[in-house]
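The following exercises concern one protein model. Please study the sequence and the structure, attempt each task, and then read the worked solution.

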Amino acid sequence: MMKALKYTIYTLLCVLFFCSCEQNINITLPYNGDKIVVSAILTNDSLVYAHITKSASTEKDVSSFEELQGCNAELYENDILKETLKENILLGKRYYISTLKIKNNTKYKIKVSHSGLNSVEGADLIPSKPFFVPIDYWKLTTTTDTLRPYKLTLKIKDSPGMKNYYRMRIFSASYNTTTKRYTINKNNDLSFGIDNFVDQGGIFGSFDDHLSRTSYFTDETFDGQEITLTISLRVMTNERIYIAPEVAQLSRDAYLYFDSKRKQVSSEDNPFAEAVVVYNNIKNGYGIVGGVADSVAVIKRIN
């Protein structure tokens with residue numbers, strides 16, 4: 001009894017000690033002055049949408065960075081000037097938009113200048129479209145897993161001799177019997193997990209949760225091979241007859257950017273996590289110009 005009482009008193013003293021030691025510490029981080037921030041993920045067969053803002057010191061209490069109006073944003077294709085991006089407001093945000101559509105296996109560069117700030121530029125090579133084929137999509141008739149009652153299998157054929165970076169998403173889809181056309185709803189992405197994919201570990205491995213809306217991985221374990229993935233899906237309605245898996249190939253810069261963003265988000269609520277610096281490929285500024293080549297297909301449920 002006395003031993004238990006002593007242990008209780010000791011525990012309470014430890015709690016009081018650590019609580020009394022808690023204090024707020026203000027850390028002043030070095031700041032090199034305001035710089036242009038460019039965010040542009042360039043996707044094959046799509047226009048360029050560049051979001052351009054201004055960086056801010058950590059001493060400022062800002063919920064979002066200041067959008068820059070009146071920038072001169074030039075788009076280069078294989079180092080040849082193609083056009084000056086046009087400024088426009090979409091859904092309440094300011095973008096600089098091209099009339100030119102992005103091509104596969106082509107290098108693009110964006111140069112941005114603004115009065116009172118140093119000019120910046122970022123460039124990347126748009127990858128080739130990945131080759132994949134959806135095979136089967138069905139509902140399990142007997143399962144205790146109520147979160148993942150649907151299955152999808154698809155094949156990916158990897159290009160040999162190079163490091164390839166992938167992103168996978170799955171969207172809802174529908175078919176119009178009158179027009180005989182498919183519609184893919186990219187505002188409705190489904191939760192899924194890849195059952196037979198071994199986490200490669202480290203920055204170049206798969207970093208999806210077992211049930212997530214986006215999966216990133218590399219070809220580290222299947223370079224140059226054709227692999228079949230088995231995927232478990234969470235589909236919220238029995239009427240989801242059609243789905244549209246999307247597989248995208250990312251440039252190295254785009255992959256590292258998305259990876260660092262994921263790590264930053266996952267460490268926000270962890271006081272013991274190391275600070276994460278978001279990957280940057282903008283010269284004299286901050287942000288990303290990253291290349292993506294996506295491929296999407298529609299598949300019908302077999303039961």
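**Exercise 1.** Which residue in strand 16 is the bridge partner of serine 191?

*Solution.* Some conventions come first. The model is predicted: local features need pLDDT of at least 70, side-chain atom pairs count only at pLDDT 80 or more, and totals for chains, interfaces and linings use all residues. Residues are numbered from 1 along each chain as its sequence is written, and side-chain values use heavy atoms, with hydrogens and water left out.

Step 1. Helices (H or I, at least four residues) and strands (E, at least two) are DSSP runs, numbered from the N terminus. Two strands pair if DSSP finds at least two bridges between them.

Step 2. Strand 14 and strand 16 (residues 226–234) run antiparallel and are joined by 4 bridges. In strand 16, arginine 234 is the bridge partner of serine 191.

**Exercise 2.** Describe the sheet that contains strand 14 and strand 16.

*Solution.* Step 1. The sheet is open, has 4 strands in the order 10-11-16-14, and its pairing is antiparallel.

Step 2. Strand 10 (131–139) and strand 14 (191–194) are at the edges; each has a single partner strand, so one side of each is left without a neighbour in the sheet.

Step 3. Neighbouring strands of this sheet are turned by 25° against each other on average, direction ignored. For such angles, axes are lines fitted to C-alpha atoms, for helices over the stretch in contact, and angles run from 0 to 180 degrees between N-to-C directions.

**Exercise 3.** What is the strand order of the open sheet that includes strand 5 and strand 9?

*Solution.* Step 1. The order in this open sheet of 4 strands is 5-4-8-9, with antiparallel pairing. Strand 5 (80–84) and strand 9 (117–125) are its edge strands, each pairing on one side only. From one strand to the next, the twist averages 20°.

Step 2. Strand 4 (residues 72–77) pairs with strand 5 in the antiparallel sense over 4 bridges. For glutamate 77, the bridge partner in strand 5 is isoleucine 80.

**Exercise 4.** Which strand gives the most to the lining of the second largest pocket?

*Solution.* Step 1. On a 1 Å grid over the protein atoms alone, a cavity is a set of points where a 1.4 Å probe fits but cannot get out, and a pocket is an open set with protein on both sides within 12 Å along at least five of seven lines; lining residues have an atom within 4 Å of a point.

Step 2. Of the 13 residues lining the second largest pocket, Ile41, Thr43, Arg167, Arg169 and Phe258 are the closest to its centre.

Step 3. Strand 1 (36–43), strand 12 (165–176) and strand 13 (181–189) each supply at least two residues of this lining. Strand 1 gives the most, with 4 residues.

**Exercise 5.** Is leucine 91 buried or exposed?

*Solution.* Step 1. Buried means under 20% relative accessible area, exposed over 50%, and partly exposed in between (1.4 Å probe, protein chains only).

Step 2. Leucine 91 is found in the loop between strand 6 (86–90) and strand 7 (93–101). With 90% relative accessibility, leucine 91 counts as exposed.

Step 3. Most residues other than glycine have a negative phi. Leucine 91, although not a glycine, has a positive phi of about 50°.

Step 4. Aspartate 45, in the loop between strand 1 and strand 2 (47–54), is not a glycine either, and its phi is positive, at about 65°. Aspartate 45 is partly exposed, since its relative accessible area is 45%.
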